Amino acid sequence: MQIAPSILSADFLSLSSDLPVLSQMGISVLHLDVMDGHFVPNLTFGPPLISSIKPHWPGILEAHLMMTNPDDHLKAFVSAGCNRIIVHQEVCWHLHRTLQTIKNLGAEAGVVLNPATPVETISEILPFVDLVLLMTVNPGFGGQSYLAFVEEKIKKLVNWRKGNSYLIEVDGGIKAEHLSGLQSMGVDLAVVGSALFNQNPVSENLKDLLTHVTSNI
Ligand code: DX5
Ligand code: ZN
């Protein structure tokens, strides 16, 4: 299982030194929490910051779009350098079309569900997605507590994966003690924000987190 750092809790001015550390320690996916202040009660960043990050990140940039109108911004995020775009099922009236648009722009297409949204709402489009992201907090802020009830949704997605090829990613409230259990359930990527970016050096936090996953592949 891979750890995908979320920069939401990072000091953005320190990213130019933190990102090479993450990359050298084997991290290949960076999670970008884009918030519009409407879909979630917080406002973060958009394509300009992502364009600044791109030259400093050799791996995958995945944008988690927490916005009410992702269709209007897909091209801008791909142009800024995102390799994967993840949209919320809850705001996509024509989800299949949105996912096809993302792929036609040359990026991987992901769909994300809030904790209360049943996985059954995306059963028909699983053959068309590269990744399913399950929120284990209500989106909008880092540093919240992990919602264990979402694990039932993980188990369903793992069962349904036979015959499909989507990655399973979880996001929110994930700390070291959650990692081995998530890995054994069949999760492919775990997003970690405040457990990685806090008062301790990123390298120390990541070293500890990596002891809880067999290999960061
Ligand atoms: C929340 C974001 C998450 C969050 C993770 O809306 O989607 O990616 O930043 O941060 P932690 O790990 O602190 O919950
Ligand atoms: Zn996120």
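These are my notebook entries on a predicted model of a protein with a zinc ion.

**Entry 1: overall build**

I began with the whole chain. The protein holds seven helices and eight strands. I looked up the extent of the C-alpha trace, which spans about 40 × 35 × 30 Å along its principal axes. I then checked the radius of gyration: the protein has 16 Å, and this agrees with the value near 17 Å for a compact globule of 217 residues.

Next I looked up burial and surface. Of the 217 residues, 53% are buried. The accessible surface comes to about 9300 Å², and carbon and sulfur atoms hold 54% of that. For the contacts with a separation of 6 or more, I noted that 65% are between residues 24 or more positions apart.

**Entry 2: the zinc site**

Which residues supply the protein donors of the zinc ion (ligand 2)? I found His31 through NE2, Asp33 through OD, His64 through ND1 and Asp171 through OD. These donors lie 2.1 to 2.3 Å from the ion. Along the chain I read their spacing as H-x1-D-x30-H-x106-D. Aspartate 33 belongs to strand E2 (residues 29-35) and histidine 64 to strand E3 (residues 60-66), so this pair ties together parts that are 31 residues apart in sequence.

I then looked up the geometry. Six donor atoms surround the zinc ion (ligand 2), and the angles they subtend run from 71 to 174°, which makes the arrangement octahedral. The rule for six donors asks for opposite donors over 155 degrees apart and all others between 65 and 115. For reference, ideal angles for six octahedral donors are 90 or 180 degrees.

Are these two donors buried or exposed: aspartate 33 and histidine 64? Aspartate 33 has 5% relative accessibility and counts as buried, because the cut-off is under 20%. Histidine 64 stands at 0% and is buried too.

**Entry 3: next to the site in sequence and in contact**

I looked at glutamate 169, which sits in strand E7 (residues 167-171). Its relative accessible area is 0%, so glutamate 169 is buried. Leaving out neighbours within four places in sequence, its contacts include the zinc donor His31, along with Glu62, Ala4, Ile86 and Leu189. Also on its contact list are Leu131, Val132, Leu133, Leu134 and Val191. I noted a C-alpha separation of 14 Å between glutamate 169 and serine 180, eleven residues apart along the chain.

Glycine 172 came next, in the loop between E7 and helix H6 (176-185). Its relative accessible area is 9%, so I entered glycine 172 as buried. Beyond four places in sequence, glycine 172 touches Thr136, Val137, Tyr146 and Val191. From glycine 172 to leucine 126 I read 22 Å, C-alpha to C-alpha, for 46 residues of sequence.

**Entry 4: the nonpolar cores**

Which members of the largest nonpolar core touch the most other members? I found Leu22 and Ile85, in a core of 70 residues. Setting aside neighbours within four places, leucine 22 is in contact with Pro5, Ile27, Leu30, Trp57, Leu196, Phe197, Val202 and Leu206. Another core lies apart from this one; it has ten residues, including Val29, Leu131, Met135 and Val137.

I also looked up isoleucine 53, in helix H2 (residues 47-53). At 3% relative accessibility, isoleucine 53 counts as buried. Its contacts beyond four places in sequence are Ile7, Leu15, Leu19, Leu30, Leu32 and Leu61. Leu30 is thus listed for isoleucine 53 and for leucine 22. Isoleucine 53 and arginine 161 are 108 residues apart along the chain, with 33 Å between their C-alpha atoms.

**Entry 5: an exposed loop residue**

Where is serine 165 found? I located serine 165 in the loop between helix H5 (151-160) and E7. With a relative accessible area of 65%, serine 165 is exposed, because the cut-off is over 50%. I checked serine 165 against the zinc donor aspartate 33: the two are 132 residues apart in sequence and 24 Å apart in space, C-alpha to C-alpha.

Note on methods: Residues numbered from 1 in each chain as written. Chains lettered and ligands numbered in written order. Predicted model: local features only at pLDDT ≥ 70, side-chain atom pairs only at ≥ 80, totals over all residues. Heavy atoms only, no water. Donors = N, O, S within 2.8 Å, 3.2 Å for Na, K, Ca; no water. Tetrahedral: all angles 85-135°; square planar, octahedral: opposite > 155°, others 65-115°. Helix = DSSP H or I, 4+ residues; strand = E, 2+ residues; numbered from the N terminus. Buried < 20%, exposed > 50% of the residue type's maximum accessible area, 1.4 Å probe, protein only. Core = buried A, V, L, I, M, F, W, Y, C linked by side-chain atoms within 4.5 Å. Contact = heavy atoms within 4.5 Å. Rg over C-alpha atoms; globule rule 2.2 N^0.38 Å. Areas by Shrake-Rupley, 256 points an atom, 1.4 Å probe, with all protein chains shown as cover.
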